[in-house]
Structure formats: C-alpha cells, structure tokens
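Subject: Structure handover and findings

Hello,

Please find the structure below, for your files. My notes on it follow.

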Amino acid sequence: MTLKALLLAASATAALMFAQPASAAQLTIGFSQIGSESGWRAAETSVSKQEAAKRQVNLKIADAQQKQENQIKAIRSFIAQGVDAIFLAPVVASGWDAVLKEAKIPVVLLDRDIDPSGKDLYLTAVTSDSVHEGEVAGEWLAKTVGEKACNVVELQGTVGASVATNRKKGFDTVVAKHPNLKVVRSQTGDFTRAKGKEVMESFIKAENGGKSICAVYAHNDDMMVGAIQAMKEAGLKPGKDILTISIDAVPDIFKAMAAGEANATVELTPNMAGPALDAIVAYKDKGTTPPKWIQTESKLYTAADDPQKVYDSKKGLGY
Ligand code: AHR
C-alpha cells in the first residue's frame, strides 16, 4: 500500500470513529396509520409527511385500512426492516401487548391510546385529552339549551377505539349533571361520513321524522357532515331545528357552520407527528426521555368564531 493510500484509509477510519450519534437525518421511522376514514385522518397523514420532511426523517407509512391485523403486520414488517422507531395510531385500544413486546425499539402512540396493560411498552403518547373533548362538547350543549328539555342522539366513533370510549364518557359525565339533557339514541358511525349519514337516517326515522331530536353529538366532524346531509334530505334544518356538536374542526364543518348548518366543534390538531418527531430525535440524540403523555389542545369553535375565516385559514394545512 502506498503512503497516500495508507493516509486515506487512516482518515476514513478516524471519520467513522468520530461519527456523530444518530441524528434526525439518519432516522427511519415506520408509521402504522389507521387508514383514511375521515378528513382529519387524511390531514394527519399529510402533516406527518410534511413534519418528517422538515426534519429530514425517512418516514415509511403503512395504511392499515382500518384493520388491527394489518397494523400488527406492519409493525412486524417495520421491526424486520430495522427501523429506528415506530409511530402507531392504534385503531382500537386492546390487543397490542404481544406485538409491542417484540418491538424492542421506541414506539410512540399518535392520537389514540392503548389499554393500561401496555403502558410500559411505548415511550410516549401524543394525544388530546379525549375525555375532556367529550366534556367540552357536553358543556357547550348544556349552556346552549339552558333549562330546556333536550333529546340528544349520539354518533359514536369506532367501537373499541380509545377516543370513542372517552368522548362518550366525557359527554355522559356532563349529561348526568343536567337532568334536562337525555341521550335517547347512541350508535357507532365508525368515524365515516357514509355511516354517519346512514345511522342519522335511522335515528330520524325512529324519532318521529327527527321532530323529537333536539341535538346531535358526533364523535367526529365527518360523521356530522353525513348527519347534516341526512337531516337536509329529511326536510330538517340542521343547526336550527337540530343543534350539532362534534369533534375535529376540519374545514368542512366550518363550511357547514358558515352556512348556518352546524353549531360547534372541538378542535383536534392533525399535527401529532411534529411533537412525536421532536421527542424521538431528542431521545435518540441526547437520551432525553419525553413525558409519558404529550397532550395536544382541545379548543371549542362556534358560529361566533367567523367560520368562513377559519375555513380559509385551515384549507391547505394538510386538509
Ligand atoms: O383518533 C382521532 C380520531 O380518529 C378523529 O377524531 C377522527 O376523525 C379520526 O378518524
């Protein structure tokens, strides 16, 4: 070997020895996403891509088409590929312990929780307080109707999803304090527009053409947009004959609000990935352990908040 070759080899070895610890630019993260059941979910996916690109993280997204079995397969495939971390938006709360035990790399939950038995199996969860979201919705309704007797119909999210269980729980807590409020019907609409519409049609039929319904509470805006359509087709005036309160704050609900067809929504940010990526990068680079729960805000919007302006400002932000 010539002297020049020897010097080159030595400097290459030195470069390797002093290589920086893992940085964002080197990270590959597998994201097991639920699917695209709602406008909010589609926005979360696109915001996640933007946030990863900002930090030069290689984000691999697997769409589970709303099926837990597909999420479990995706997690196993990410583990086999040797990714640095896994993001998981769990479609339902139970049934994760076995696969998360296999992971042995940091797992971050996005937007939904898992059962308490899995608490030690993930690094942190970036979610809203979904019980509080239900309480905010219930309190808005209680304040809006005052002492008047009010029969409420409820469109629940996916059965077994933490956010569906919690949004129901929070709302029910407020209803229990107001004897004039009564949930007369409650059924899942699986967080989709089509099912929200279908279930609302059946509620309207069962409730005297909708005449005995005072308000609809939907666990997300997409189901409410479907329910608004059902009310209109039944000759009812949503937002006037029947009050609406839902969750997410997607642009379409502001469009409905601006048209006087929806009354209120509780905001859920689609940017769960930004805080999750910051937590993982700090954990990998500096060994900083994040808090177990990174909580996002839950802000109430009503027709008094200039819905057209909110619609314009939200459009394009991943929606
Ligand atoms: O987990 C968050 C919920 O999932 C959103 O409120 C809903 O739109 C989505 O499908």
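Is A103 buried or exposed? With a relative accessible area of 6%, A103 is buried, because the cut-off for that class is under 20%. Please keep in mind that this is a predicted model. A103 belongs to helix α4, which covers residues 97-103. A85 is 18 residues away from A103 along the chain, and the C-alpha atoms of the two are separated by 8.9 Å.

The ligand

Twelve names make up the surroundings of the ligand: E37, S38, W40, R41, D111, R112, V163, R167, F191, N220, D248 and L268. Two helices, α2 (39-54) and α6 (162-176), each contribute at least two residues to this shell.

Three arginines have a polar side-chain atom at a listed distance from an oxygen atom of the ligand. For R41 the distance is 3.0 Å. For R112 it is 2.9 Å, and for R167 it is 2.9 Å. On its own the ligand has 280 Å² of accessible area, and the protein covers 100% of that. The largest cavity is the space that the ligand takes up.

Backbone: two positive phi values

D111, one of the residues around the ligand, has a positive phi near 60° and is not a glycine. D111 sits in the loop between β4 (107-110) and β5 (124-127). Its relative accessible area is 5%, so D111 is classed as buried.

N208 is also a non-glycine residue with a positive phi, in this case about 55°. The loop between α7 and β8 holds N208. Is N208 buried or exposed? N208 counts as exposed, because its relative accessibility is 53% and the cut-off for exposed is over 50%.

The disulfide

How many disulfides does the structure hold? There is one. The disulfide joins C150 to C214, with an S to S distance of 2.0 Å. The angle about the S-S bond is -90°, and the link of C150 and C214 is left-handed. Distant parts of the chain are linked by this pair, whose members are 64 residues apart. C150 is in strand β6 (residues 150-156), while C214 is in the loop between α7 (193-206) and β8 (215-218). That loop, between α7 and β8, is also the place of N208.

Both cysteines fall under the 20% cut-off for buried residues. C150 has a relative accessible area of 1%, and C214 has a relative accessibility of 10%.

One further residue

T192 lies in the loop between β7 (181-188) and α7. Is T192 buried or exposed? The relative accessible area of T192 is 18%, which is under the 20% cut-off, so T192 is buried. Measuring from C-alpha to C-alpha in the model, T192 and A64 are 15 Å apart in space, with their positions 128 residues apart in sequence.

For your own work on the ligand site, the entries to start from are the shell of residues and the contacts of R41, R112 and R167.

Regards

Methods: Residues are numbered from 1 along each chain as its sequence is written. This is a predicted model: local features need pLDDT of at least 70, side-chain atom pairs count only at pLDDT 80 or more; totals for chains, interfaces and linings use all residues. Side-chain values use heavy atoms; hydrogens and water are left out. A disulfide is a pair of cysteine sulfur atoms within 2.5 Å. Helices (H or I, at least four residues) and strands (E, at least two) are DSSP runs, numbered from the N terminus. Buried means under 20% relative accessible area, exposed over 50%, partly exposed in between (1.4 Å probe, protein chains only). A residue is near a molecule or strand if one of its heavy atoms lies within 4 Å of it. A polar contact is a pair of N or O atoms within 3.5 Å; within protein, one must be able to donate a hydrogen and the other to accept it, and residues adjacent in sequence count only if both atoms are side-chain atoms. Accessible areas come from the Shrake-Rupley method with a 1.4 Å probe; for residues, only the protein chains shown count as cover. On a 1 Å grid over the protein atoms alone, a cavity is a set of points where a 1.4 Å probe fits but cannot get out, and a pocket is an open set with protein on both sides within 12 Å along at least five of seven lines; lining residues have an atom within 4 Å of a point. A molecule sits in a cavity or pocket if more than half of its atoms lie within 2 Å of its grid points.
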